[in-house]
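User: I should like to go through the charged pairs and several local features of this structure. Please give the reasoning behind each answer.

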Amino acid sequence: MSITPKKKICVSCGALDYYFSKNMCKRCAYINKTPKVSKKEAQTSSSNLIEDLDSVFSQYIRCKYANSDGMVECYTSGKIMRWQDAQCGHFISRKHLATRWLPQNCRPQSEYDNCFLSGNIHVYRVKLEEEQPGIVEYLEEQARSIYKPSVEDLKEMIHEYRYKLNLIKTKFNK
C-alpha cells in the first residue's frame, strides 16, 4: 500500500493543487516566503550598486587597454584576446574597497591568469613596478586604509565610469 497525495484547495490563491507548505501550493508558498523589497530599495541598495560599478569599471579597464580593433593583451601573460573575453585583473584584491576601483590597480587579464593563477601576482608586481616605480608600495599602503563608500559615492562613480567608458568605446572600428 502506498500513500498518494491528494490535491487540495490552496488557502492563498484558491487553486486546486498539491500542498507544498502551510496549506499553500508551491507558487504561493514561494511568493509568501519572499520578503517584499520595493523597487526603489532594490535599485539603491549598496550591494546592487557595487555590482553595477564592478561591471562598468571592468568594461572601462578592458576597453582602455584595447586597440582600435577591440583586441587587448593579457597584462601578465601577453596573450591577445578580444576585450569582451578578457577580465579585469586586480593587483590588490577586490576585498580592499580603497583600491577596488583604482585604475592603477587594475589591468586586463586572461581568465587563466586571473582565476587559475590567482592573478599571477608575482609577474603583475614586476610589470607594475617597471611601468611606474613606487606604485606597488602606494597600492599596498592604500589597501591598508579603511574605506566604506556611501550610496552617493557609488552612484557618482558609476556615472563617472559610464561616461569614460562611452568616450573610450568611440575609438573602436565600427
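User: Is D54 buried or exposed?

Analyst: The model is a predicted one, and every value given here is computed from it. The relative accessible area of D54 is 15%. Buried means under 20%, so D54 is buried.

User: With which residue does R94 form a salt bridge?

Analyst: A salt bridge requires a side-chain nitrogen of Lys or Arg within 4 Å of a carboxyl oxygen of Asp or Glu. For R94, the closest N and O atoms of the pair are 3.4 Å apart. The two residues come from distant parts of the chain, with R94 in the loop between β5 (87-90) and α4 (97-100) and its partner in helix α3 (residues 46-64), 40 residues apart. The partner of R94 is D54.

User: Is R94 buried, partly exposed or exposed?

Analyst: The relative accessibility of R94 is 39%. Buried means under 20% and exposed over 50%, with partly exposed in between. R94 is therefore partly exposed.

User: Which residues are linked with D54 in a network of salt bridges?

Analyst: Side chains of opposite charge can pair when their charged atoms come close. One link of the network is the salt bridge between R94 and D54. The network also takes in a residue of helix α4, R100. The residues linked with D54 are R94 and R100.

User: With which residues is R100 in contact, leaving aside its neighbours within four places in sequence?

Analyst: R100 lies in helix α4 and counts as buried, at 11% relative accessibility. Its contacts include D54 and R94, the residues with which R100 is linked in a network of salt bridges. The full list for R100 is I50, D54, F57, H90, R94 and C106.

User: How far apart are the end C-alpha atoms of α3, and what span should its 19 residues have?

Analyst: The buried residues of α3 include D54, along with I50 and F57. At 1.5 Å a residue, the 19 residues of α3 should span 27 Å. The distance between the end C-alpha atoms agrees with this value, being 26 Å.

User: Which residue meets E131 in a salt bridge, and which parts does the pair tie together?

Analyst: The closest approach of the two side chains, N to O, is 2.3 Å. E131 lies in helix α6 (residues 121-131) and its partner in strand β6 (residues 106-109), so the pair ties together parts that are 24 residues apart in sequence. E131 is partly exposed at 44%, whereas the partner is buried at 4%. That partner is R107.

User: Which residues of β6 point the other way from C106 and P108?

Analyst: Strand β6 pairs with β5 in the antiparallel sense, over 4 bridges. Within this pairing, P108 is the bridge partner of C88. C106 and P108 point one way from β6, and the residues that point the other way are also buried. These residues are R107 and Q109.

User: How many residues apart are K164 and E160?

Analyst: The side chains of K164 and E160 meet in a salt bridge at 3.0 Å, N to O. K164 counts as partly exposed at 29%, and E160 counts as partly exposed at 33%. Both residues lie in helix α8 (residues 151-169), where their separation is about one turn of the helix, or 4 residues.

User: How many salt bridges does the count come to?

Analyst: Among the salt bridges are the pair R94 and D54, the pair E131 and R107, and the pair K164 and E160. The count comes to 6.

User: Is N120 buried or exposed?

Analyst: Most residues other than glycine have a negative phi. S118, in the loop between α5 and α6, has a positive phi near 50 degrees, and N120, also placed in the loop between α5 and α6, has a positive phi near 50 degrees. S118 counts as exposed at 56% relative accessibility. N120, with a relative accessible area of 19%, is buried.

User: What is the accessible area of the nonpolar patch that Y112, F116 and L117 form?

Analyst: Y112 is found in helix α5 (residues 111-116). Together with F116 and L117, Y112 forms a nonpolar patch on the surface. The accessible area of the three residues together is about 350 Å².

Methods: Residues numbered from 1 in each chain as written. Predicted model: local features only at pLDDT ≥ 70, side-chain atom pairs only at ≥ 80, totals over all residues. Heavy atoms only, no water. Buried < 20%, exposed > 50% of the residue type's maximum accessible area, 1.4 Å probe, protein only. Expected span 1.5 Å × (residues − 1). Contact = heavy atoms within 4.5 Å. Patch = residues over 30% accessible without salt bridge, like charges linked within 9 Å, V, L, I, M, F, W, Y side chains within 5 Å. Areas by Shrake-Rupley, 256 points an atom, 1.4 Å probe, with all protein chains shown as cover. Pairing = 2+ DSSP bridges.
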